[in-house]
Amino acid sequence: MRRPELLLPGVALAVAVVLAALGVMVVTAQESAVLVKFINGSLPVDPASPLWPKPADVPLTSQTLVYPLAPAVENRAVSVSAVYNGTHIAFLLTWKDATQDVAKPGGLDVFPDAVAVQFPVSRAQLPYICMGTVDNPVNIIYWRAGVGVENLVAGAGYGLSPQQREALGLQTTPTSPVELLPDSAQVVQAYAVYKDGAWYVVLVRPLGSVHPLMSSLADDFSAAFATWDGSKGERGGLKATSGWVQFHLERPIFAATQPTQPAPTATQTSATTVTQTYVVETTPAWAWVVIGVLVALLAVVAGLALRRK
Amino acid sequence: MKVRAQISMAMNLDKCLGCNTCTVTCKNVWTNRQGAEYMWWNNVETRPGPGYPRQWENQDKHNGGWVLDGGKLKLRIEIKKDYKPPGLDDYYEPWTYEYEVLFSEKQTDQQPVARPISLIDGRPMDVSNGPNWNDDLAGTDLLLEDPNLDPLQKSIYTQFKDVFMMYLPRICNHCLNPSCLAACPRKAIYKREEDGIVLVDQSRCRGYRYCVAACPYKKVYYNWKTGKSEKCILCYPRIEAGQPPVCALTCVGKIRYVGVLLYDADKVLDVAAEPDPTRLMRRFIDEVLLDPFDPDVISAARSAGIPDDWITAAQRSPVYKMVKKWQVAFPLHPEFRTLPMIFYVPPLSPVVTTFEQAYGAKITDVFPRVSELRIPVKYLASMFTAGDTALVEQALKKLIAVRIYERSKNVTEPGLADKAKQALAEAGLTEQDAEEMYRLFAIARYEDRFVIPTNPKRYANQPQLQRGVAGLP
């Protein structure tokens, strides 16, 4: 007689255990990280500079879109290398594009080639990969050929009161989930070269944050990438995106131990760039355990209620 | 029945003299800025001709409007997977002249010449195309590009004795089923509930140009300077104050009439998906557009929150009379399935009387019969009624009957009174109709042509909650 009464809580407990185990597995999934090389001096803005470390290839896949837009069907990649110094960080983004599409006066049917880098604003938990959510926004650097570079925030807009928005220097009423940060936060510089069927874009921004909705990159961080191929009419959601990629800041110990070394030695250290493994933090393990226990408790309560009947 | 009110316009093409005053005043008010030089929110096309942008009616090329796909409405851009907007070649490169040279040139044997220079980048250019190029001497070869010309009869139209022309002024049609709106992934385009004006929210627009590709009338334009798209706003700040749009106000021929039309929002999608385009056209007038004198319509309008002064305005509306009561005004290309809300009274051709011998016209009377008109009815039907020639013929008959009737009042000629009676009967008009039509078409005053109620602002009764939107700073 006791057995059926115990069955329900038993099943719930088993499910909870499995969930907790899965959670631990997800949390401990390992992914390679890109090393951000430390440079003691000014950062390179020339894509051909020898200071750039060996790039990491980040795969991009076309974003799935719904009516009335057509989904693009192709896979491509963007090569990423990054350097930083005490104040700034620079990314070199390189990707193949057979046609150079640059916005120009009177270019009514021109869609510029473009690239974007997305960072989590908060460090607590990785935001939703598709441009964040209301409670977990992302900071985006968006460069378009012939247009320039913008420092944007996505996701935050509709989660803030008009007062909060005014205090942040944003328009009182949001008009879009993606918005320009105020002028004081437009602190990103871009240097672009198109050569031999490929774009070479250098993006330089301060290492720290200058706005509450801008990410600080002063510690290890995550980033995601997207490119647009203008000749295929790609604009807006028609783009190819990556998953989150981990970036690890090379500790400036080199600089401390070799303070008298001139800049050229940096080229030697570039060969030492290694790929390291880091934990991707999603939902923490303890959260899964708590969820499991709660589910079990609910099941016990349900079982007790059933027995009374 | 879900009643909505829309500010609508009717243009009497019979009186359009092609002066482009509407075009120029619109330009000076709204698009006189960099990035907008090539935009003509209002333009007047000389037809037959390719129109502006070139061949906008040819949807095989421009992919505008809706098509039926298995009985369901779908955007043509989506069916064809072609989202490309027209390029500057399809419009034209806007230019000005280097006028400074006329003052600064040193004295020589020749007069100084103000060369054309591009308004986009300032370099000298050769003018090879324009917004109504077929009306310029250089562009007559474009005439046969008109998609409305019957392919079999194209050569006939160019014979001197059969050649014809008319003017077609165009603005945004502020459609009931706008394909530009449907194509925007950012929801930057909206149709105002209170007056049906279709607008592009400049703060939401990111310049993707799906709307430009999807509009079958090509009346959304991309501003390369701001990186956003723009269109005719029906001069809504003026409309809200009860004033006509600038194009209508300044019209020299007084061809434009502005008023309220009531429509049934519940019927829009059903009628837009009507398989037979000519039936679509008739159902649009009969079912979607409502009779503002019908007590059921009035009570439904009241419960939908339409103010009484708007209902009264709908009853006095000149557009209602032309479109619904007399059925002499038609939408432009209803077969694009957007249910356009700008209407056209088809033109009678130039009245030819005594030059029978010279031009070979078969004239039977002072006023020709519909079958004897210079502009082929088929051509008009291709533009305004999805090919339904009977509708156009009936409208033209009415217009001619009114003229015969008015002539009979002023000319003593044996049998003319009988002839007038017969013409009215054939056209299905009473003498009272004829009087009213004559007043509205020929001698209407400002307050007859423009019956525009002021905006109730009922959506802005809590302005503190709507800062930054609804036109509130």
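How many residues of chain A are in contact with chain B, and how many of chain B with chain A? In this predicted model, 18 residues of chain A meet 26 residues of chain B. The close-ups below start there and then move through the two chains.

**Figure 1. Where chain A touches chain B.** The contact brings together 18 residues from chain A and 26 from chain B. On the chain A side, the residues that touch chain B split into 6 nonpolar, 10 polar and 2 charged.

**Figure 2. A look at chain A, with its 5 helices and 14 strands.** Chain A has 309 residues, and buried ones make up 35% of them. Take the contacts in chain A with a separation of 6 or more: 68% of them are between residues 24 or more positions apart.

**Figure 3. Two nonpolar cores, one with 128 residues and a separate one with 61.** The largest core has its most contacts at B:Ala10, B:Cys211, B:Ala214, B:Leu261, B:Met322 and B:Ala401. Helix H17 of chain B gives this core its largest share, 10 residues. The second core includes A:Ala82, A:Trp95, A:Val178 and A:Leu203.

**Figure 4. Helices H17 and H18 of chain B, packed side by side with axes 8 Å apart.** H17(B) covers residues 389–410 and H18(B) covers residues 416–427, and they pack at an angle of about 160°. That angle makes the two helices roughly antiparallel. The crossing of H17(B) past H18(B) is left-handed. From H17(B), the contact is made by B:Lys397, B:Lys398, B:Ile400, B:Ala401, B:Ile404, B:Tyr405, B:Arg407 and B:Ser408. H18(B) answers with B:Leu416, B:Ala417, B:Lys419, B:Ala420, B:Ala423, B:Leu424, B:Glu426 and B:Ala427. Sorted by class, that contact holds 10 nonpolar, 1 polar and 5 charged residues. If B:Ala401 rings a bell, it is also among the residues with the most contacts inside the largest nonpolar core.

**Figure 5. Helix H14 of chain B, largely enclosed by the rest of the structure.** This helix runs over residues 318–325, and 6 of its 8 residues are buried, so it is largely enclosed. The buried ones are B:Pro318, B:Val319, B:Tyr320, B:Lys321, B:Met322 and B:Val323. Zoom in on B:Met322 and, leaving out residues up to four places away in sequence, you find it touching B:Ala10, B:Tyr257, B:Val328, B:Ala329, B:Phe343 and B:Val345. B:Ala10 and B:Met322 are both listed among the residues with the most contacts inside the largest core. After H14(B) comes B:Gln327, which has a positive phi near 55°.

**Figure 6. B:Asn20 and B:Thr21, at the start of helix H1 of chain B.** B:Asn20 sits in the loop between strand S1 (3–12) and H1 of chain B. Its phi is near 65°, a positive value in a residue other than glycine. B:Asn20 counts as buried because it has 20 C-beta neighbours inside 10 Å. B:Thr21 belongs to H1 (residues 21–30) of chain B and is partly exposed, with 17 other C-beta atoms within 10 Å. Beyond its neighbours within four places in sequence, B:Thr21 is in contact with B:Thr250, B:Cys251 and B:Val252. B:Glu240, 219 residues apart from B:Thr21 in sequence, is 23 Å apart in space, C-alpha to C-alpha.

**Figure 7. Two cis peptide bonds, at B:Pro48 and B:Pro53.** The bond from B:Arg47 to B:Pro48 is cis, with omega near 0°. The bond from B:Tyr52 to B:Pro53 is cis too, with omega near -5°. B:Pro48 lies in the loop between strand S2 (43–47) and helix H2 (59–62) of chain B, and B:Pro53 is in the loop between S2 and H2 as well.

**Figure 8. B:Arg337, a buried loop residue with positive phi.** Look for B:Arg337 in the loop between strand S13 (330–331) and strand S14 (342–345) of chain B. Phi here is near 65°, in a residue other than glycine. B:Arg337 is buried, with 25 other C-beta atoms within 10 Å.

**Figure 9. B:Phe450, in the segment after helix H20 (446–449) of chain B.** B:Phe450 counts as buried because 20 other C-beta atoms lie within 10 Å. Setting aside neighbours within four places in sequence, B:Phe450 is in contact with B:Pro244, B:Ala248 and B:Val258. B:Ala313 is 137 residues apart from B:Phe450 along the chain, and their C-alpha atoms are separated by 9.9 Å.

Definitions and conventions:
Residues numbered from 1 in each chain as written. Chains lettered and ligands numbered in written order. Predicted model: local features only at pLDDT ≥ 70, side-chain atom pairs only at ≥ 80, totals over all residues. Axes fitted to C-alpha atoms, helices over the stretch in contact; angles between N-to-C directions. Helix = DSSP H or I, 4+ residues; strand = E, 2+ residues; numbered from the N terminus. Parallel < 35°, antiparallel > 145°, perpendicular 65-115°, else oblique. Left-handed = near helix turned anticlockwise from the far one by under 90°. Contact = placed C-beta atoms within 7 Å. Nonpolar A, V, L, I, M, F, W, Y, C, P; charged D, E, K, R; others polar. Core = buried A, V, L, I, M, F, W, Y, C linked by C-beta atoms within 7 Å. Buried ≥ 20, exposed ≤ 12 C-beta atoms within 10 Å, placed from the backbone.
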